[in-house]
Amino acid sequence: MNNQKQQKPTLTGQRFKTRKRDEKERFDPTQFQESIVQGLNQTGTDLEAVAKFLDASGAKLDYRRYAETLFDILVAGGMLAPGGTLSDDMTRTEFCLFTAQEDLETMQAYAQVFNKLIRRYKYLEKGFEEEIKKLLLFLKGFTESERNKLAMLTGILLANGNISASILNSLFNENLVKEGVSAAFAVKLFKSWINERDINSVAGSLRKVGMDNRLMELFPANKRSCEHFSKYFTDAGLKELSDFARNQQSIGARKELQKELQEQMARGDPQKEIIAFTKEEMKKANVSEQGMIGIIWTSVMSCVEWNKKEELVTEQAIKHLKQYSPLLKAFTSQGLSELSLLVKIQEYCYDNIHFMKAFQKIVVLLYKADVLSEEAILKWYTEAHLAKGKSVFLEQMRKFVEWLKNAEEESESDEEEAD
């Protein structure tokens, strides 16, 4: 019996151990750059031919590995060194974005080249966005004309959804802001963006990435005011952008005011103090009484946890609003403010389903508390109401409105007799 262990079979052939770092190809964009530059020199200013050349070259050249080199060449004609200057030791081309004509039509044609390239090679999307962010940080290294072309192109790309508005973050770089480069670049960028779309589309894109409240940061801290922003962009022919920024600041101030009011109510601060504070803030933020009554109504209704049962919530609302009627009364000195409040109440009762049956009782309470006048209620009933829940609320108010009209007629009749 053979006690020796049976030898395991081995694979024939020689095994080579290779370390991963040896396998990794060295990053050398020289050959790649020469191929792209040569192709651009051959196609020249024919952007249709450029697009076809880039499309075909993607099958032969490593776009994934050399994306930054590719975009540097297409924009600046060669590889960019940190700061935005062209690398001296590399081949370059005279046919690129920076040497093109400085007009919107040419920039739209260049945007199409990038658009076709990225649609064809989807993996370049992220690299392209990173490239634009980098180029924005290099703005000081470019000439004014180069900056203008880049600004127009960026606006068109943003309008077409080729890049996200989050790239604007690069413009808030302290050095660019301090020297006025960011604001001047933003003028050209927003002009071409609005030209492609409209201010509402621009506003939507900015809101999506939280940039809608950051536009003031295009200016140094000592110039970061709504007045300066408004004058700068209005003078540059972008009134719609300055109006948008002003509106955003106003919305921000209103949200802060509402938050502060809710905190004061939660603490149980005396209403005299709340009224004094609100009147002061109203002046500071330049908010009209009609705007203010809406903020107060929302604050009053948000500082309570409401009962979910319809039959109990009305009672709870009446008790709560009776307590805060002096605050509401302080900001309904004008007929328009009363109508604004009525519309707000209608909206609230419609949006919060368990309040639907409470509408008439709330209005009657505020009428008795001298917050709402009969004129305002009658005007709301006949013409100033909203479509939301119209039939339900008008039916609820019908008997009370008839009573008001009869009381008004009787009053007129008594006056006539007295005369």
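**Salt bridges and burial in a predicted model**

A search of the whole structure, a predicted model, turns up 19 salt bridges.

User: What makes Glu 68 and Lys 134 a salt bridge?
Analyst: Their side chains meet at 2.9 Å, N to O. The cut-off is within 4 Å, so the pair counts. Glu 68 sits in helix α4 (residues 67-76) and Lys 134 in helix α6 (residues 124-137), so the pair ties together parts that are 66 residues apart in sequence.

User: Why is Lys 134 called buried?
Analyst: Its relative accessible area is 15%, and buried means under 20%, so Lys 134 makes the cut.

User: And why is Glu 68 called partly exposed?
Analyst: Glu 68 comes out at 45%. That falls between the 20% and 50% limits, so partly exposed is the label.

User: What about Asp 72 and Lys 134, what makes them a salt bridge?
Analyst: Here N to O is 2.8 Å, again within 4 Å, so the pair qualifies. Asp 72 lies in helix α4 and Lys 134 in helix α6, so parts 62 residues apart in sequence get tied together. Asp 72 has 0% relative accessibility, so it counts as buried.

User: Where do Asp 243 and Lys 239 lie?
Analyst: Both are in helix α12 (residues 239-267), four residues apart, about one turn of the helix. Their side chains meet in a salt bridge at 2.8 Å, N to O.

User: How do you know that Thr 106 is buried?
Analyst: Thr 106 has a relative accessible area of 18%; the limit is under 20%, so it's buried. Thr 106 lies in helix α5 (residues 104-120).

Technical notes: Residues numbered from 1 in each chain as written. Predicted model: local features only at pLDDT ≥ 70, side-chain atom pairs only at ≥ 80, totals over all residues. Heavy atoms only, no water. Helix = DSSP H or I, 4+ residues; strand = E, 2+ residues; numbered from the N terminus. Buried < 20%, exposed > 50% of the residue type's maximum accessible area, 1.4 Å probe, protein only.
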